[in-house]
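Biologist: Could you take a close look at the metal site for me, and then walk me through the hollow spaces and the cysteines? Keep it friendly, as I'm new to this.

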Amino acid sequence: MKFDEIADGVFLLAHPVFKVNCVLVTGADRAMLIDTLSTDEQARSLRDAAASVTAKPLTLVNTHFHFDHTFGNQTLAQGDIWGHPDCARELTERGEHWKRVWQDEIEDQELALAVGAVTIVPPNRLVDKQASVDLGGRTAFISHHGRGHTDGDIVVRVDDVLIAGDLVEQGAPPAFDDAYPLEWPDTLTALMHTPARIVVPGHGKPVDMAFVEQQHADLTRLDWLIRDGHRDAAPTERVAAASPFVQAFGEDGLYQSLLAVKRGYAQLDGA
Ligand SMILES: [Zn+2]
C-alpha cells in the first residue's frame, strides 16, 4: 500500500477496503492527511505509507463523520484534527451508537470486530464555513458548502486539487444513508465554482469538474423526482426506480435511490 503523487506534493492512497481515498499534502513545515480509514490496523499501514513520503508532522482532516474516514484518528492523531462541528458532534455524542450501526452493516466479521475496537477521537479543530491551514510554503483551504452526503461535509483545496470526500462518488452511486438529497445539488453547485482541475472523490478514481457537473445533474434530477413524487403521493419504490443512478448502477443504484426518496419525503413532511 503506497501513496502515488497525483499533483505537485499531493499524494493519493486508495485503500482496497471500501476503496477509500486518503490524500497526503506535503508542505515545508507540516503535512496534511485527509481521512484516516476504518481501524487501528488500517491506520497503522496508512501511517507507514505517509512516513515513506514525508517525515513532517501530520495535521489531520476528516471530510465527514463516517467510520471509514475517521476511525483511524486515534492511531494517527499528533495534534490537530480538522472537521465540521456536526462531524465532531456525531462522533462525540453518538459515536457509540454509530459504531454499533456500522458494525452490524459490515459483513466481514474480522473487520466488524476491528471497527468495534476503535476508540473514537473526534475532530478538535472545527471549521463552520472556511479555514486556511499554512503547511509551510503552501496553504490548504478547508470549506463547508452546505448539507449533502451528511450534515457536516467539508472539502479541502490545495492548488488545483479538490479533495471532495463523499460529496463526490466515482464507481458507485452516491450514498444516501445520512444524506440530504434535496440540498446536495446546491452544495455541489458551490463546489463547481472551485478552481480545481483534479477532484478526488471519497471513493473511486480521481475525476475532473465535468464529472462533478454530471453528478450534479443526476442529483438534481433525483431531487425533482422526489419533489414531484411527494406532491403526487407516489410510492417511494416507483420514484426510486426512475432515478438516474438506477440506470448507471443497477441494484446498488436502486438501493441508494430508495434511501434518498425516503429521506427526501421525510424532509418534505417536516421530519
Ligand atoms: Zn461517507
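Modeller: Here is a tour that starts at the metal site, moves on to the pockets and the cavity, and ends with the cysteines.

Keep in mind that this is a predicted model. Let's begin with the zinc ion. Which protein residues act as its donors? They are His64, through NE2, His66, through ND1, His149, through NE2, and Asp166, through OD, and they lie 2.2 Å from the zinc ion. If you follow the chain, these donor residues come with the spacing H-x1-H-x82-H-x16-D. One pair in that pattern links distant parts of the chain: His64 belongs to the loop between β5 (58–61) and α2 (67–70), while Asp166 is in strand β11 (residues 161–169), and the two are 102 residues apart. His64 and Asp166 are both buried.

What about the geometry? The angles among the four donor atoms run from 88 to 174°. To count as tetrahedral, four donors need all angles between 85 and 135 degrees, and the site of the zinc ion is classed as irregular. For reference, the ideal angle for four tetrahedral donors is 109.5 degrees.

Now for the open spaces. The largest pocket holds about 1,000 Å³ of space. It has 32 lining residues, and those closest to the pocket's centre are Phe18, Asp68, Ala175, His203 and Gln256. Several elements give at least two residues each to this lining: β2 (10–14), α2, α4 (85–105), β11 and α9 (244–268). You've already met β11, the strand that carries Asp166. Helix α4 makes the largest contribution to the lining of the largest pocket, with four residues. Sorted by class, the residues lining this pocket are 14 nonpolar, eight polar and 10 charged.

Next comes the second largest pocket, with a volume of about 210 Å³. Its lining is made of His15, Val17, Thr39, Glu41, Gln42, Ser45, Asp108, Glu110, Leu111 and Ala114. Two elements, α1 (40–51) and α5 (109–116), give two or more residues to that lining. By class, the lining of the second largest pocket has three nonpolar, four polar and three charged residues.

There's a cavity to look at too. How many cavities of 30 Å³ or more does the structure hold? The count is one, and the space in the largest cavity is about 30 Å³. Around it you'll find Asn21, Val23, Asp35, Ile163, Gly165, Val200, Pro201 and Gly202. At least two lining residues each come from β3 (21–26), β11 and β12 (198–203), and β12 gives the largest share, three residues. So strand β11 turns up in this lining as well as in that of the largest pocket. Four of the residues lining the cavity are nonpolar, three are polar and one is charged.

Last, the cysteines. The disulfide count is zero. Cys22 is in no disulfide, and the nearest cysteine sulfur, that of Cys87, is 14 Å away. A disulfide would need the two sulfur atoms within 2.5 Å. Is Cys22 buried or exposed? Cys22 is buried, with a relative accessible area of 0%. Cys87 is likewise in no disulfide, with the sulfur of Cys22 as its nearest cysteine sulfur. Cys87 counts as buried too, at 1% relative accessibility.

Notes
Residues are numbered from 1 along each chain as its sequence is written. This is a predicted model: local features need pLDDT of at least 70, side-chain atom pairs count only at pLDDT 80 or more; totals for chains, interfaces and linings use all residues. Side-chain values use heavy atoms; hydrogens and water are left out. Donors are N, O and S atoms within 2.8 Å of the metal (3.2 Å for Na, K and Ca); water is not among the atoms, so sites may look incomplete. Four donors count as tetrahedral if all angles lie between 85 and 135 degrees; four count as square planar and six as octahedral if opposite donors are over 155 degrees apart and all others between 65 and 115; anything else is irregular. Buried means under 20% relative accessible area, exposed over 50%, partly exposed in between (1.4 Å probe, protein chains only). On a 1 Å grid over the protein atoms alone, a cavity is a set of points where a 1.4 Å probe fits but cannot get out, and a pocket is an open set with protein on both sides within 12 Å along at least five of seven lines; lining residues have an atom within 4 Å of a point. Grid points are joined across faces, edges and corners, and a volume is the space filled by probe spheres set on the points. Ala, Val, Leu, Ile, Met, Phe, Trp, Tyr, Cys and Pro count as nonpolar, Asp, Glu, Lys and Arg as charged, and the others, Gly among them, as polar.
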